[in-house]
Amino acid sequence: MTEPMLRPGLPALPPKMRGLPIDKRGFPVPAFVAIVNGEPDHRIVEPSWLNVCVRDQRCWLCGNALGAYKAFVLGPMCALNRISAEPPSHLECARYAAISCPFLSRPHARRREAGMPEEKKAPGGVMLERNPGVCLVWVTKTYRPHRSNGGVVFRIGPAESMQWFAEGRAATREEVEESIAGGLPILQEMAQQEGELALGHLEQAQHELRRALDQQFAQDA
Ligand SMILES: [Zn+2]
């Protein structure tokens, strides 16, 4: 019997992800992936998985028990509204997703929409349909589920640490700033529609994010 091999070019799996199946193309199949017609479809979330993760404190990606630190993989805009459509993962699993996920790690990749099953539901909350290019692993000790637009999203607690990635490597500050600046007008427009309070929150979040960036990139320099 031959075990399916990991696709060449993909980084080696972190220990916690080594129990995951590998699909025919050589991609690991994270625990959230739905099986459609007997094959895993990475674009579709298994509907029951989110509740299992929240109830049993399991990792979104590898399915094993989470510890005290929870890692969210976020686009730069979610670093400002501190909301994730997905529950958290282990740091090592989140880092792997940030480095190897084709959509997140290749800024010019487009989301593949062709051949999507009809029953695919929009995730809870408002999704910003732009390719962020840069992504962030946000580590926190706290988060809480929050009902939004008939679905569930997750409000993310204060950051214990942050790591930014672009194209499968650590992002430069310039890339991070460019990515934030590119999406900010959308968030500002949304906040404007919501009113003064939302605008105040956005300003505060920008301030906190800038401070975190100053800290991170001062350490790196
Ligand atoms: Zn994990």
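Here is a quick walk through a zinc site, some strands and a pocket in this structure, which is a predicted model.

**The zinc site**

Let's start with the metal. Four protein donors hold the zinc ion: the SG atoms of Cys59, Cys62 and Cys93, plus ND1 of His90, at 2.1 to 2.4 Å from it. The angles subtended by the four donor atoms run from 99 to 119 degrees, so the arrangement counts as tetrahedral. For comparison, the ideal angle for four tetrahedral donors is 109.5 degrees.

If you like to read motifs off the sequence, the donor residues are spaced C-x2-C-x27-H-x2-C. The long spacer in the middle goes with a link between distant parts of the chain: cysteine 62 and histidine 90 are 28 residues apart. Cysteine 62 belongs to the loop between helix H1 (49–56) and strand E3 (70–74), while histidine 90 belongs to the loop between E4 and helix H3 (91–100).

Are these two donors buried or exposed? Cysteine 62 has 10% relative accessibility, so it counts as buried. Histidine 90 has 8%, and therefore counts as buried too.

**Strands and their partners**

Strand E4, which came up beside the histidine 90 loop, is also part of an open sheet of three strands, in the order E4-E7-E6 with antiparallel pairing. E4 (83–84) and E6 (143–148) are the edge strands, each pairing on one side only. E4 is joined to E7 (residues 151–156) by two bridges, and isoleucine 83 stands opposite arginine 155 in E7.

Elsewhere, E1 (residues 33–36) and E2 (residues 39–45) form a hairpin with two residues between the strands. Asparagine 37 in this hairpin takes a positive phi near 50 degrees. Valine 33 has valine 45 in E2 as its bridge partner.

Here are the two antiparallel pairs side by side:

| Pair | Residue ranges | Bridges |
|---|---|---|
| E1 and E2 | residues 33–36 and residues 39–45 | four bridges |
| E4 and E7 | residues 83–84 and residues 151–156 | two bridges |

**The second largest pocket**

Now for some open space. The second largest pocket holds about 340 Å³ and has 16 lining residues. Nearest its centre lie Ala159, Met162, Glu208, Ala212 and Gln215.

Which elements give two or more residues to this lining? They are strand E8 (161–166) and helix H6 (196–220). H6 gives the most, with eight residues. As for chemistry, the lining is a mix of eight nonpolar, four polar and four charged residues.

Methods:
Residues are numbered from 1 along each chain as its sequence is written. This is a predicted model: local features need pLDDT of at least 70, side-chain atom pairs count only at pLDDT 80 or more; totals for chains, interfaces and linings use all residues. Side-chain values use heavy atoms; hydrogens and water are left out. Two strands pair if DSSP finds at least two bridges between them. On a 1 Å grid over the protein atoms alone, a cavity is a set of points where a 1.4 Å probe fits but cannot get out, and a pocket is an open set with protein on both sides within 12 Å along at least five of seven lines; lining residues have an atom within 4 Å of a point. Grid points are joined across faces, edges and corners, and a volume is the space filled by probe spheres set on the points. Ala, Val, Leu, Ile, Met, Phe, Trp, Tyr, Cys and Pro count as nonpolar, Asp, Glu, Lys and Arg as charged, and the others, Gly among them, as polar. Donors are N, O and S atoms within 2.8 Å of the metal (3.2 Å for Na, K and Ca); water is not among the atoms, so sites may look incomplete. Four donors count as tetrahedral if all angles lie between 85 and 135 degrees; four count as square planar and six as octahedral if opposite donors are over 155 degrees apart and all others between 65 and 115; anything else is irregular. Buried means under 20% relative accessible area, exposed over 50%, partly exposed in between (1.4 Å probe, protein chains only).
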